[in-house]
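Here is a friendly tour of one protein model and its bound ligand. Have the structure open as you read, and follow the residue numbers as they come up.

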Amino acid sequence: MSSAPLGLAVIGTGAMGTRHAENILRAVPDARLAAVYDVNAESAARVASSLGCAHSPRLDELLSRDDVQAVVIASPPSFHATHAIAAARAGKHIFLEKPMALTLPDANAIIVAAETAAVRLQIGFMRRYDPAYADAQARIRNGDIGEPRLFKGIDRDRDAPTGPPGSISRAAILTDSAIHDFDLARWLMADEVIAVRATIAVVGDERTIPGPNVALVDLRFARGSLGNVEVIQGAKYGYDIRAEIVGTEGTLLVGGHQKTALQLLTVNGAHHDLTGHWLDRFGDAYLREMRDFLVTMRDGRPPYVTGDDGRRALAIALAADTAGERGIEVAVS
Ligand code: NAI
């Protein structure tokens, strides 16, 4: 491949898109941030001016730029299918934030569009790039805990979503948050989830909470192992993401609470700070995933997190939504 830097563009300049743009600009070799686009032109102009790139007035203008070879899509999930399919048709490689889509037909259409256009498609499951999760996966593959038998995912957001009651769907807690754990479950257990049960609820004062804020999802894997994913939005004390994988010969615990290495010890006890935000906890992982997207593209290697991975995690989330609605075990399609 040519040694000219790859030109990237970011669609959606909110919290996630801005971090991806910063990572492309500052820390990814062989890449150049060419342009950003957001339906909120002020947001795009602000990010473009602070990062020194162009801002496109329209999506079609961005996708027709010759200096853009790949796009990072960080718009809200309801736009992912439209944006990804348009990018594929314009011949741009795609890094697509999770959830890749909100329905399986849309996920399939994205995969087909990327295959038809022969462009790359990588999904933003960055936890796979976190050093602790990556090490856990390598140890499981190495047989360090024997046969994995149980997966436990804990996913607690410090902040509760805001909005009027009823404004957030039951599925959102699964497609937005638990979807990371569904991907981890498949990846760490090296197995497929075949069925789910779920309890999804508004826990607290229903008059002030916009939608379900707690979800408990039980997983059944093809080889007979079991799993459970817990999501709480609005845990208040911090951003608390952990996993446990229990095997026949040992157990792996991933994640902790402490943000910095400082601890204060007094007669009143031990005190340390807590991780508060996903951009802190997974700062490294976001950088590594973007580097990997670019390096594998440059080297012509397959993406590490594929469209199929995105679709399978979405299928688990949607099955859990149905399971939560009906109170029965639901097969994952
Ligand atoms: P955000 O609300 O901060 O930003 C979304 C941006 O998209 C806004 O600037 C908005 O103006 C823009 N936008 C809305 N409609 C648009 C359209 N039709 N075309 C172009 N831009 C449009 O949301 P956030 O948190 O940045 O999330 C964006 C995506 O990133 C979502 O898919 C979300 O699930 C994902 N995400 C992933 C995380 C991860 O850990 N991998 C963490 C947080 C978000």
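A good place to begin is L8, which stands opposite A70 in strand 4. The two strands involved, strand 1 (residues 6-11) and strand 4 (residues 70-73), pair in the parallel sense over four bridges. Please keep in mind that this is a predicted model. From this pair of strands we can go on to the sheet around them, then to a second sheet, a hairpin, the ligand and two backbone details.

**The parallel sheet**

- Strands 1 and 4 belong to an open sheet of six strands, whose order is 3-2-1-4-5-6 and whose pairing is parallel.
- At the edges of this sheet you will find strand 3 (54-55) and strand 6 (121-123); each has a single partner strand, so one side of each is left without a neighbour in the sheet.

**The mixed sheet**

- Another open sheet is formed by seven strands in the order 12-11-7-10-9-8-15, and here the pairing is mixed.
- Its edge strands are strand 12 (251-254) and strand 15 (330-331), each of which pairs on one side only.
- Within this sheet, strand 7 (residues 148-157) and strand 11 (residues 240-247) pair in the antiparallel sense, with eight bridges between them.
- To find your place in that pairing, look for F151: its bridge partner in strand 11 is I245.

**The hairpin**

- Strand 13 (residues 258-266) and strand 14 (residues 269-274) run antiparallel and are joined by five bridges.
- A hairpin of two residues links strand 13 to strand 14.
- One bridge to look up is that of Q258, whose partner in strand 14 is L274.

**The ligand and its surroundings**

- Where does the ligand sit? The ligand is in the largest pocket.
- Two elements give two or more residues to the shell around the ligand: helix 1 (15-27) and helix 4 (80-89).
- The ligand is surrounded by 24 residues, and the closest are M16, D38, H80, K98 and Y286.
- Sorted by class, this shell holds 12 nonpolar, nine polar and three charged residues.
- D38 has a polar side-chain atom 2.6 Å from an oxygen atom of the ligand.
- For K98, a polar side-chain atom lies 2.9 Å from an oxygen atom of the ligand.
- Y286 also places a polar side-chain atom by the ligand, at 2.6 Å from an oxygen atom.
- How much of the ligand does the protein cover? On its own the ligand has 840 Å² of accessible area, and the protein covers 79% of that.

**Two backbone details**

- Most residues other than glycine have a negative phi, and most peptide bonds are trans. The next points show one exception to each of these.
- K98, which we met by the ligand, is joined to P99 by a cis peptide bond, with omega near -15°.
- P99 itself is found in the loop between strand 5 (93-96) and helix 5 (104-117).
- D30, a residue other than glycine, has a positive phi, near 65°.
- You can find D30 in the loop between helix 1 and strand 2 (31-37).
- Helix 1, on one side of that loop, is also one of the elements that give two or more residues to the ligand's shell.

Note on methods
Residues numbered from 1 in each chain as written. Predicted model: local features only at pLDDT ≥ 70, side-chain atom pairs only at ≥ 80, totals over all residues. Heavy atoms only, no water. Near = heavy atom within 4 Å. Polar contact = N/O pair within 3.5 Å; in protein donor to acceptor, adjacent residues only side chain to side chain. Areas by Shrake-Rupley, 256 points an atom, 1.4 Å probe, with all protein chains shown as cover. 1 Å grid on protein atoms, 1.4 Å probe; cavity = no way out; pocket = protein on both sides within 12 Å on 5 of 7 lines; lining within 4 Å. Sits in = over half its atoms within 2 Å of the grid points. Nonpolar A, V, L, I, M, F, W, Y, C, P; charged D, E, K, R; others polar. Pairing = 2+ DSSP bridges.
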